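The following exercises concern cysteines and their pairing in a predicted model. Work through each task before reading its solution.

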Amino acid sequence: MRKLNEPSFEGLSDKDRATVVEMVKKGANRREVMAWMMAAGATAAAAGSVFGGAKEAWANTPKKGGRMVISSDQHGPADTLDPAAMTASIDYIRSRMVYNGLVRMQQDLSYEPELAEEILPNADASEWTFKLKKGVEWHNGKSFNADDVIYTMNRHLGEDSKSVLKSLYEGVESWQKVNDHEVKAVLKTPNADLPAILGLFQSKIIPDGQTDFSAPPGTGPFKVSEFKPGVRCVVQRNENYHEDDGPYLDEIESFGIGDSTARINALKAGDIDIMANLPPKSIEDIEQNGDTEVWSTPSSAYITFACRQDQAISGNRDLVRALQLLMNRERVVKGVFKGQASVGNDHPIGPAYFDHCADIPVRELDPDQAKFHFEKSGLGQTPIPIVTAEVAPGCVEMGTFLQREASKIGMNIDLKKVTTDGYWSAVWLNEPICAVSWNMRPTANIMMTLAYASDANWNETYWKNEQFDKLLVDVRSVTDPATRKQMYCDLQTLIWEHGGSITPAYRNYVDAVRSHVKGLTHVPLNAFGGAECPQYLWRSDA
């Protein structure tokens, strides 16, 4: 042991800290640790402080073993383990259990290599080289190599691609194999956002030739032992995982409970350990319960009503403007989200994005202007069909607010509340107007490309604008900060002025856990801490 001079636990050498923690781990009590420290020259007070520090360090040291049950707020027959087809939070967290990406996103929305070892752009970001980790194995024992990356990436390319990220990958000319552990992406136009695209959930790497996703192998921290869409998924620890930090749990089970009250009751009863989307009205209840805790991550995720611009009623521009002017945004933020959100402004880029445009005036509740536009729409007493569900906190309340305000100006909203089961396959992209919850994306360009590019698979408002499409591509290669800032403001303004979205709030992700759940992450891109938690979760009572 080094010479001591009134030491604290943090002031000890790495070797001495490890020794003391190991003593605590093996059951040494305060007197035994203090005796060991005092024999080395510490005073009683200093030795006591070291014992306290070691005990706290041991308490925060991940422990292996145990099982956790995770519940999302929705699931259904469209549940999938095919990354390119994933659309829901429960898909995203399952994919993080099973797969890895070339990169993964961090809490500050930077990226770091995951299956890649090095990421090397050329001078103008028109070519990106990825040197891959060696020694990584799939769950079936095969070795991971460049062929797996090429196969995965090619599924996103081409006219026949079914990938939900097709619009994001269309800027890639080709993926080329350099050797077994090196690949190169050659782009049609420069794009500094490519690594962030590779950090999206749908970009996870699958084995070369994989077409069966009933129980696919991955390189991730857990192996699939059971997957029944709409029922449940069970995964078990990958003992041959290629990273040192996790996994710690023996097993994870995940499924959905659509009703928020049932989900909260299951958490409080101990039937589940983690639940997604805690309703804001229940935050105080969870905080006061001695066995549960709130898990909040600030973000620019948002809720919206998507009005299809290709339909007769929902495509009526004066109706859209009237609905936007009927939204009491401050009330939604304070009343619905209990302050855990910020005011939305009918476009998708909230203040948490680097390229947020603060110059666009925020629309306020204005019944007189709303009435003017509604009368101009010529719809009269024609029922305005709007579908909503608890797909995110606030979606049902938002519909109720809108219906109440609309009735004051003579608008007849036909509000339908449905269940969350199968919502994304049966309602979203189909109904003329429906409530939608969007996760935050790593960059503003990715977010707008997914939801507003004319050819995007997830263009829920079916809005097409040639000026917007061109600007969205052009800005990817702009390096001058002032020019880039103005171009992103122009993009947000085009959506604000001509789009079909009614977006009253950008929200935090607010989930809840049992108190023994440790290893939480805070990446602001999804529920469950950005769905990054599975590898790091552990039980304090293991």
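**Exercise 1.** Which cysteine is joined to Cys-357 by a disulfide, and what is the S to S distance?

*Solution.* The criterion is that two cysteine sulfur atoms lie within 2.5 Å. The sulfurs of Cys-357 and Cys-489 are 2.1 Å apart, so this pair forms a disulfide. Applied to the model, the criterion gives a count of one disulfide.

**Exercise 2.** Determine the handedness of this disulfide and the parts of the chain that it ties together.

*Solution.* Begin with the torsion about the S-S bond of Cys-357 and Cys-489, which is about 100 degrees, so the disulfide is right-handed. Next, place the two residues: Cys-357 belongs to the loop between strand 13 (341–343) and helix 12 (367–377), while Cys-489 sits in helix 17 (residues 481–498), and the pair therefore ties together parts that are 132 residues apart in sequence. Finally, consider accessibility, where buried means under 20% relative accessible area: Cys-357, at 3%, is buried, and Cys-489, with 7%, is buried as well.

**Exercise 3.** Why does Cys-395 form no bond with the closest cysteine sulfur?

*Solution.* The closest cysteine sulfur to that of Cys-395 belongs to Cys-434 and lies 9.4 Å away, which is too far for a bond. Cys-395 is buried, its relative accessible area being 0%. Turning to Cys-434, this residue takes part in no disulfide, and its nearest cysteine sulfur, that of Cys-307, is at 9.1 Å. Cys-434 is likewise buried, with a relative accessible area of 2%.

Notes
Residues numbered from 1 in each chain as written. Predicted model: local features only at pLDDT ≥ 70, side-chain atom pairs only at ≥ 80, totals over all residues. Heavy atoms only, no water. Helix = DSSP H or I, 4+ residues; strand = E, 2+ residues; numbered from the N terminus. Buried < 20%, exposed > 50% of the residue type's maximum accessible area, 1.4 Å probe, protein only.
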